[in-house]
Amino acid sequence: MDLHLAVAAGGGRRAGLERALRDAVRDRRLAPGERLPATRQLAEELGVSRNTVKAAYDQLVAEGYLTARQGSGTRVAALPPVETGPPGTGEPARAPRFDLRPGSPDVGAFPAAAWLRALRAAIARAPSPAYDYGDPRGRIELRTALSGYLGRARGVAAPPEHIVITSGYVQGLALLTRVLDGGPVAMEDPGLPFHRDVVRRHGGAVVPLEVDRRGACLPPGDCAAVVVTPAHQYPTGVTLHPERRRALTEWARARGGLIVEDDYDGEFRYDRQPVGALQGMAPGQVAYLGTASKTLGPALRLGWMVLPPHLVDAVADAKLHSDHHTEVLGQLALAELIDSHAYDRHVRSCRLRYRRRRDLLLGRLGAHRVRGIAAGLHALVEVDDEERVLARAEAYGLAVGRLADHWHTPGGDRPQGLVVGYGTPREGAYREALEVLARALDEAGLGH
């Protein structure tokens, strides 16, 4: 095949070829599955050495832009759909060259072989009624498996009859909002804006809940519920202090309030034993919400709620009239994965991988300016001028989160920072992404 590439001269031939190929893939000028020329052929066409082409191919394979298999040659990998610009503009938005935005795990680490084995085993054992409409609370196989896993791994008091399976955390939060009676919902400030929107769209009034160095404070006024991330606050990364845990559960008992515990990445703790779930201290006052999105991948759309007894029937009814029940085959496969302990093995493997990434981040930026590092898939990098750093990062094709987007009320004299996710990048691209981040900080006058 003929391949038109505009290889810039600056920065060296290999770097120029990498950029040209990367841009061609991102712009969809090279379609997924397209076979690239042999290294010898492309080297002759471009007037470079074969080793230069091979090194460029190898780098883009490591970054996930290309795939290489014996006998099949080098081909363009399947990438996510091209993002679009602001609504109504019709303009495409280029995907970032380096993505350190928080929120997603390394989806390339999905345990495909183990999942396929679990799915096959689950289908072989599934009774015929499993393919019919089912219990809105979810399959008993998965609820039983989660009961054991959450008890031993997260300290959750989770009898199967108190568990409701959902299509993820967002659905669980929406269902709880619908069944709550009266009073506003306190949500952490800073916190994820999308979750506040979920509560509002399902009839809840949201009030800010202050977060400091000891985690979430007590909710203000006559709140009916409070939504917290005790194990690893999003986005600051602080762990809820034991005294705050006790005070929060006492508030719930005294006021009859509900604590909604978002345990989105509680399995990933690095420097000491995992902090147990808040739910274990007060099962009658805490609705515990977990998900497979960070441990396996968001594509599965599998989450779970462990509810106080008085909420189970109301939430199950709301689930019934929302989508009847969550898809069954994924539930059965996840139950098999947990029961065979393949889920535990995968989580341990991911924990080691993410700890290495966390350590690389600390080593490159310096521990004195990075917060929230004890757990999870993101850290908060403190800066004095978000806009200046983000401008430099954008110039290098680097995307990161910013703390300013998470406050309930924008503006004002608030702390500033970058929310850096280290779960998303492929292994081969992570170190380079860190170098670009460090360069952006240095050029903004904020390097260490």
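## A first look around this model

His324 sits in the loop that links helix 9 to helix 10 (328-339). Keep in mind that this is a predicted model. From that loop we can wander through two histidines with unusual backbone angles, two cis peptide bonds, a buried aspartate, a helix pair and a couple of nonpolar cores.

**Two histidines with positive phi**

- His324 has a phi near 75°, which is a positive value in a residue that isn't glycine.
- His324 counts as partly exposed because its relative accessibility is 29%, and the band for that label lies between 20% and 50%.
- His341 also isn't a glycine, yet its phi is positive too, at about 70°.
- You'll find His341 in the loop between helix 10 and helix 11 (342-365).
- With a relative accessible area of 41%, His341 is partly exposed as well.

**Helix 9 and Ala314**

- Just before the His324 loop comes helix 9, which covers residues 309-323 and includes Ala314.
- Is Ala314 buried, exposed or something in between? Ala314 has a relative accessible area of 36%, so it's partly exposed.
- Ala314 and Gly134 are 180 residues apart along the chain, and their C-alpha atoms are separated by 17 Å.

**Two cis peptide bonds**

- The peptide bond running from Asp189 to Pro190 is cis, and its omega is near 10°.
- Pro190 belongs to the loop between strand 5 (185-189) and helix 7 (193-201).
- Tyr234 and Pro235 are joined by a cis peptide bond too, with omega at about 10°.
- As for Pro235, its loop runs between strand 8 (225-228) and helix 8 (242-255).

**A buried aspartate in a loop**

- Asp106 is part of the loop between strand 3 (98-100) and helix 4 (112-125).
- Why does Asp106 count as buried? Its relative accessibility is 7%, and buried means under 20%.
- A polar atom of the Asp106 side chain lies 3.1 Å from the backbone nitrogen of Gly108.
- Setting aside neighbours within four places in sequence, Asp106 touches Arg353, Tyr354 and Arg357, along with the run Gly423, Thr424, Pro425, Arg426 and Glu427.

**Helix 2 meets helix 3**

- Helix 2 (residues 39-46) and helix 3 (residues 50-63) have axes that come within 8 Å and cross at roughly 120°.
- That crossing of helix 2 and helix 3 is right-handed.
- On the helix 2 side, the residues involved are Thr39, Arg40, Leu42 and Ala43, and on the helix 3 side they are Arg50, Val53, Lys54 and Tyr57.
- Sorted by class, this contact has four nonpolar, one polar and three charged residues.

**The nonpolar cores**

- Nonpolar side chains in soluble globular proteins tend to be buried together.
- In this model the largest nonpolar core has 59 residues, and the ones touching the most other members are Trp304, Leu334, Leu337, Tyr343, Leu361, Leu418 and Leu437.
- Apart from that core lies another one of 24 residues, including Val198, Ala225, Leu289 and Ala318.
- What does Leu418 touch, not counting residues up to four places away in sequence? Its contacts are Ala379, Leu380, Val381, Val383, Val389, Leu390, Val400, Gly401, Arg402, Leu437 and Leu441.

How values were computed: Residues are numbered from 1 along each chain as its sequence is written. This is a predicted model: local features need pLDDT of at least 70, side-chain atom pairs count only at pLDDT 80 or more; totals for chains, interfaces and linings use all residues. Side-chain values use heavy atoms; hydrogens and water are left out. Helices (H or I, at least four residues) and strands (E, at least two) are DSSP runs, numbered from the N terminus. Buried means under 20% relative accessible area, exposed over 50%, partly exposed in between (1.4 Å probe, protein chains only). A nonpolar core is a set of buried Ala, Val, Leu, Ile, Met, Phe, Trp, Tyr and Cys residues joined through side-chain atoms within 4.5 Å. Contact means heavy atoms within 4.5 Å. Axes are lines fitted to C-alpha atoms, for helices over the stretch in contact, and angles run from 0 to 180 degrees between N-to-C directions. A crossing is left-handed if the near helix is turned anticlockwise from the far one by less than a right angle, and right-handed if clockwise. Ala, Val, Leu, Ile, Met, Phe, Trp, Tyr, Cys and Pro count as nonpolar, Asp, Glu, Lys and Arg as charged, and the others, Gly among them, as polar. A polar contact is a pair of N or O atoms within 3.5 Å; within protein, one must be able to donate a hydrogen and the other to accept it, and residues adjacent in sequence count only if both atoms are side-chain atoms.
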